[in-house]
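Biologist: I would like a close look at a single part of this protein, with its surroundings described carefully. Please take one helix and follow the contacts outward from there.

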Amino acid sequence: MLSQTDTFTVSESLSCGHVFDQSKLPPSARCEIKRLLSIPTSMQPTIPSQTLSVTQLLNIDLCASLDCDLSSDTIVFSTNPPLLSLPNDFTAWSIPPLHCVTQLLDQFSQAWFNGHASVIHPLSPTFHLPFWVLSYWREISRTLKARLTWISAHDWVLRRLEDEDDNDCAFKSVVIDEVLSVFEHLPWDVELKGFGAHASLRTSELLPLHADSMVNGRLLDALVATINDHVDEHNGTVVETLDFANVLLLGDMRWSKYHFDRAFTQLRYLGDSLHDGTIQRVIFPINVANVHWAIISVDASTQMILYGDSLEWSMPSSYVDAMRRWLKNHGFAPFGKGSLSHREQTDSFSCAIAALNTIKHAVFRHSLFTNDSKYRLRMEEFLMLAKSHFESEQLSESSDGSFADDASDFSVEFSSCPPSYPSPVPASPALPASCPSPPPPTSTSSEHVTLNLRVRKEDKSVGLFKYFPTTTREEHLQAVWVPFSWELENYERDAHRVRVEAVERDIRQREGNREQKQNQRAREKAMKKATTNDPSDIAPSLPMMDLAEVSRPYCEIRRDVRAHEGCKWKHEETLAVRVNWQILYSRVARFLVPQSLFHNAEQNPLLWATIAEAAVRVGIGMSPIEIVRDLQQRDLTQFRTLTPQVVGTWIDRSGDKAVWSAATLARVQ
């Protein structure tokens, strides 16, 4: 392995099995790697400059195109020496994606140590390319990717003109004109100046403001900085960035050192200011579960912690506990909780814009966020950062003494500054020196001229429109759109996942139905088994007989004889009808028959079989109460008036076990 004190020699260091270690390379080896990857001066003009405006980038006709089928596995290193001159059509070759080029650059150093000297493109395997093509591909790939993204942002802005149902259309058209004007002068990928420099942003990182997408934390911090710059020092309000919320959530060990840990410097200052009355309110954004932005306001005048959430989620308890712990260190009692004035979002990507609007409403009393104004608010936030960039750039150029004559300067005009703050900033940003100057105005009027790009439906049938076929933008894009291979793969993967989920859902449903049916069968089987094991069914029982038919045995004998002899009945036979003597007794006989005679009727031989059967079911104890309960459950009509006291007089308990008394058995005979 080479060390930093060794002298790098190609013949002694390469193809010797060394493992590449960037930290231990000597300066001579680092210089050699830098030389191998440096793009020649002759190829520099083919790479678009990052200082070009967005409009200039969109108008550039790049010969190369991205090929998503290329990967670090298909582009290989070779030990053959590289070509001294590249093919004439090299700049038109397909370019691998940026992530693929990054992987190749990570593999380059070790491949070079292993003795490789060139790179082979899979579409032209006979050409051995020098190592610097990796750097060239990286720059071109980055430019192509940024160009596609800026094209999407430009189309997104133009689509806002087509929002027919937008009630905020009048003012939004002016904002759109200003955004398109900024595109003509804003570099497509340079470091932002002004408020954007607070978060180390580049102009390409403003793209989420021109798309239906979430806003990241660094961009949100830059937008909060634009608000904080316009907060009046005497209104008692401080607007903080995400760093404030991050420090609040530090661990208990750090909080135990609150009074001398440098991380809490800003919190200590704000806490003392709240306690002294220097400021009355601290407002700051928070991130909820890494998917959502919300606003918290700590108001010392009302002793309240107010929460504004455009999704109407509840305030996270972790922030409530952290703020109460912070305020407790400055002598405050626990603050109550309340709601901060805000509006609800109806999509999944406007939480950052709604959160910023909540702050502006609380500080500047701006109108609250609505679904109609969400796109205008996004573009206004972009204009504020772009305007800050131009103003800072103008100040830096004037301080360097490189400003040209005022008559030859051209500045971007913001005809209607977004109503984001109480008073607009009068200064206008100047265009970079590389931007072309527009032709001199033909009129002395200073009126701002806007171009109306809207086309009404009735306009399409008059003028030149009637000579040409008219199609919507969506129809045109659908007709000319050719999907990339990776888009087709994603579509097939999504379709396959949907089919798999449908099959799994059907399988789960069938298994659930099968399990439910099995459980139902198990319950029915258990109920049937419990019924079979009923002691009343196991006990010996005498056959149930119709008492009315038993009382007339001659009819049964005659019926059997006629059936045996084959004789037919001339008249239809009628069965004997049982008379409910208990009902009859309750209505008439109780006034005619003594009660003792009715009780003795229970010992009638026709009823005794049923009584004896109940005694067998009750068991050895022959409990009169159980015997009566069993008889009444089986035939309530016959034994309605039977009482346990009467049954008790029929039982003899003088022996070892209870039996029917001799007198009772004699009466039954």
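Modeller: What follows is an account of helix H12 and the parts of the chain around it, in a model that is predicted.

Some context comes before the helix itself. The protein has 24 helices and 10 strands, and of its 669 residues 39% are buried. Among contacts with a separation of 6 or more, 68% are between residues 24 or more positions apart.

Helix H12 covers residues 351-364 and is preceded by a loop that connects it to strand S8 (336-339). Its 14 residues span 19 Å from the first C-alpha to the last, which is close to the 20 Å expected at 1.5 Å a residue. Just after the helix, arginine 365 adopts a positive phi of about 60°. How many of the residues of H12 are buried? The count is 14 of the 14, so the helix is largely enclosed by the rest of the structure.

One residue of H12, threonine 358, can serve as a starting point for the surroundings. Threonine 358 counts as buried because its relative accessibility is 4%, under the 20% cut-off. Its side chain reaches back to the backbone oxygen of alanine 354, at 2.8 Å. With residues up to four places away in sequence left out, threonine 358 touches Ile295, Leu340, Ser341 and His342.

The last of these partners, histidine 342, belongs to the loop between S8 and H12. With a relative accessibility of 17%, histidine 342 also falls under 20% and therefore counts as buried. Which backbone oxygens does the side chain of histidine 342 reach? One is that of aspartate 309, at 3.0 Å, and another is that of leucine 340, at 2.5 Å. When neighbours within four places in sequence are set aside, histidine 342 is in contact with Gly308, Asp309, Ser310, Glu312, Thr358 and Leu368, so that aspartate 309 appears both in this list and as a partner through its backbone oxygen. Histidine 342 and isoleucine 295 are 47 residues apart along the chain, and their C-alpha atoms are separated by 9.5 Å; both residues are among those that threonine 358 touches.

The loop before H12 also takes part in a salt bridge. The side chains of aspartate 347 and lysine 374 meet there at 2.7 Å, N to O. This pair links distant parts of the chain, with aspartate 347 in the loop between S8 and H12 and lysine 374 in helix H13 (residues 374-400), 27 residues apart. Both aspartate 347 and lysine 374 are buried.

This salt bridge belongs to a total of 14 in the structure, and a few others can be set beside it. Aspartate 261 and arginine 254 meet through their side chains at 2.8 Å, N to O; aspartate 261 is buried because its relative accessible area is 14%, under 20%, whereas arginine 254, at 35%, is partly exposed. In another pair, glutamate 32 and arginine 35 meet at 2.5 Å, N to O, and both lie in helix H2 (residues 27-37), 3 residues apart, about one turn of the helix. An α-helix has 3.6 residues a turn, so residues three or four places apart point the same way.

The nonpolar surroundings of H12 remain to be described. In soluble globular proteins, nonpolar side chains tend to be buried together. The largest nonpolar core here has 60 residues, and those that touch the most other members are Trp150, Val157, Val179, Phe183, Leu219, Leu220 and Phe382. Two or more residues of this core come from each of helix H3 (54-59), helix H5 (132-159), helix H6 (169-183), helix H7 (217-229), strand S6 (292-299), H12 and H13. Which element gives the most to this core? That element is H12, with 10 residues. As for leucine 219, its contacts beyond the neighbours within four places in sequence are Leu201, Glu205, Leu206, Pro208, Leu209 and Leu385. Apart from this core lies another, of 34 residues, among them Leu70, Leu105, Phe113 and Trp137.

To return to the helix asked about, H12 is thus described by its buried residues, 14 of the 14, by the contacts of threonine 358 with residues including His342, and by the 10 residues that H12 gives to the largest nonpolar core.

Conventions. Residues are numbered from 1 along each chain as its sequence is written. This is a predicted model: local features need pLDDT of at least 70, side-chain atom pairs count only at pLDDT 80 or more; totals for chains, interfaces and linings use all residues. Side-chain values use heavy atoms; hydrogens and water are left out. A salt bridge is a side-chain nitrogen of Lys or Arg within 4 Å of a carboxyl oxygen of Asp or Glu. Helices (H or I, at least four residues) and strands (E, at least two) are DSSP runs, numbered from the N terminus. Buried means under 20% relative accessible area, exposed over 50%, partly exposed in between (1.4 Å probe, protein chains only). The expected span of a helix is 1.5 Å times one less than its number of residues. A polar contact is a pair of N or O atoms within 3.5 Å; within protein, one must be able to donate a hydrogen and the other to accept it, and residues adjacent in sequence count only if both atoms are side-chain atoms. Contact means heavy atoms within 4.5 Å. A nonpolar core is a set of buried Ala, Val, Leu, Ile, Met, Phe, Trp, Tyr and Cys residues joined through side-chain atoms within 4.5 Å.
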